[in-house]
Amino acid sequence: MRNSAAGSAGHTTADGWSLVVPLKPLARAKSRLAPAAAGALRPRLALAFAEDTVAAVLACAAVRDVVVVTDDREAGAALAALGARIVPDVPGGGLNRALAHGARAVRAVRPGAAVAALNADLPALRSAELARVLAAAGQFPRAFLADAAEMGTTFLSASSGTELEPAFGGASRRRHLSTGAVEIRLDGVDSVRRDVDTGEDLAAALALGVGPRTAARWVGAAG
């Protein structure tokens, strides 16, 4: 199933999107990156990825607000300083429960909000590319964007009145398709698909051009 947003009926996003970004405690984040970023560099990079991701999201004109679901106090303080709303991971039951909790927190304040889940490890994220993805997603009740490997998911949306139903982790592309979410197929949105789990992923993100916080920490470590 390779659906395109073109030609589908629109769904209301006039009040802007609320994005939900989950973030593990930094001490446990990005464990697969350890061979390329040993010791204290790995959690510092995980925070930099999240900071660059949230900053790019907040700079996107289609976005009204960002909710970050995390129990990490350092990360929470840094991301709140950028303008994100921090919600504790009260469920504590993994990524998908955290995302559902974040969506509920959004709709407790704005019941009709269009919401989208976005990975916190998109350090090359471009606001303009995210805007294109959101515009495509707005044409469907639920939609998602596959990661660069076309196995996982970096973005999942739910229009007003629709539950998010996140199924992230592993081969989540197939799971999101099976729940009826429409796959967004767009060229030129590589930065929204380029999540970073491994050293190879980081090299690909660096080639795209990462945000200033990731660049500073990586260059600082290399230097």
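Is Asp52 buried or exposed? Buried: its relative accessibility is 5%. Hold on to that residue, as its partner comes up shortly. One caveat before we go on: this is a predicted model.

Let's start with the salt bridges. Searching the whole structure gives ten of them. I'll take three pairs.

Pair one is Asp52 with Arg213. Their closest N and O atoms sit 3.3 Å apart. This bridge connects distant parts of the chain, with Asp52 in helix α1 and Arg213 in helix α8, residues 212-222. The sequence separation is 161 residues. What about burial at the two ends? Asp52 is buried at 5%. Arg213 is at 27% relative accessibility, so it counts as partly exposed.

Pair two is Arg193 with Glu150. Here the closest N and O atoms are 3.2 Å apart. Again the link runs between distant parts of the chain, 43 residues apart. Arg193 belongs to helix α6, residues 190-193. Glu150 is in the loop between β5 (142-146) and β6 (153-158). Now the accessibility. Arg193 comes out at 17%, and the cut-off for buried is under 20%, so Arg193 counts as buried. Glu150 comes out at 30%, so it is partly exposed.

Pair three is Arg173 with Glu183, with closest N and O atoms 3.0 Å apart. Arg173 sits in helix α5 (residues 172-178) and Glu183 in strand β7 (residues 182-183), so this bridge ties together parts ten residues apart in sequence. Both ends are buried: Arg173 has a relative accessible area of 19%, and Glu183 has 1%.

How do pairs two and three fit together? They belong to a network of salt bridges that links Glu150, Arg173, Glu183, Arg185 and Arg193.

Next, a charged residue without a bridge. Asp195 is buried, yet it has no salt bridge. Which side chain of opposite charge is nearest to Asp195? That is Arg194, at 4.4 Å. The cut-off for a salt bridge is 4 Å, so that pair does not count. Asp195 lies in the loop between α6 and α7 (199-208). Setting aside neighbours within four places in sequence, Asp195 contacts Asn119, Asp121, Leu122, Asp147, Thr154 and Asp201.

Staying with α6, look at Ser191, which is found in that helix. Ser191 is buried, at 2% relative accessible area. Beyond residues up to four places away in sequence, Ser191 touches Leu122, Ala124, Leu125, Arg126, Glu129 and Leu208. Compare its position with Ala148: the two are 43 residues apart in sequence, and 9.1 Å apart from C-alpha to C-alpha.

Now over to helix α4, residues 127-137, where we find Leu134. Leu134 is buried, at 1% relative accessibility. What does Leu134 contact, leaving aside neighbours within four places in sequence? Trp17, Leu19, Cys60, Ala62, Val63, Ala116 and Phe155. Thr13 and Leu134 are 121 residues apart in sequence, but 9.3 Å apart in space, C-alpha to C-alpha.

On to the pockets. The largest pocket has a volume of about 990 Å³. Its lining counts 39 residues, and the closest to the centre are Lys24, Lys30, Leu95, Asp121 and Asp197. Which elements give two or more residues to that lining? They are α1 (41-58) and α3 (95-109). Helix α1 gives the most, with three residues. By class, the lining of this pocket has 16 nonpolar, eleven polar and twelve charged residues.

One of those central residues has an unusual backbone to check. Most residues other than glycine have a negative phi. Lys30 has a positive one, near 55°. Lys30 lies in the loop between β1 (17-22) and α1. Lys30 is buried, with a relative accessible area of 17%.

There is another case to put beside Lys30. Glu165 is not a glycine either, and its phi is positive, about 55°. Glu165 lies in the loop between β6 and α5. At 43% relative accessibility, Glu165 counts as partly exposed. So of these two residues with positive phi, Lys30 is buried and Glu165 is partly exposed.

That's the tour. Questions are welcome.

Key: Residues are numbered from 1 along each chain as its sequence is written. This is a predicted model: local features need pLDDT of at least 70, side-chain atom pairs count only at pLDDT 80 or more; totals for chains, interfaces and linings use all residues. Side-chain values use heavy atoms; hydrogens and water are left out. On a 1 Å grid over the protein atoms alone, a cavity is a set of points where a 1.4 Å probe fits but cannot get out, and a pocket is an open set with protein on both sides within 12 Å along at least five of seven lines; lining residues have an atom within 4 Å of a point. Grid points are joined across faces, edges and corners, and a volume is the space filled by probe spheres set on the points. Helices (H or I, at least four residues) and strands (E, at least two) are DSSP runs, numbered from the N terminus. Ala, Val, Leu, Ile, Met, Phe, Trp, Tyr, Cys and Pro count as nonpolar, Asp, Glu, Lys and Arg as charged, and the others, Gly among them, as polar. Buried means under 20% relative accessible area, exposed over 50%, partly exposed in between (1.4 Å probe, protein chains only). Contact means heavy atoms within 4.5 Å. Lys and Arg count as positive and Asp and Glu as negative; His and the chain ends are not counted.
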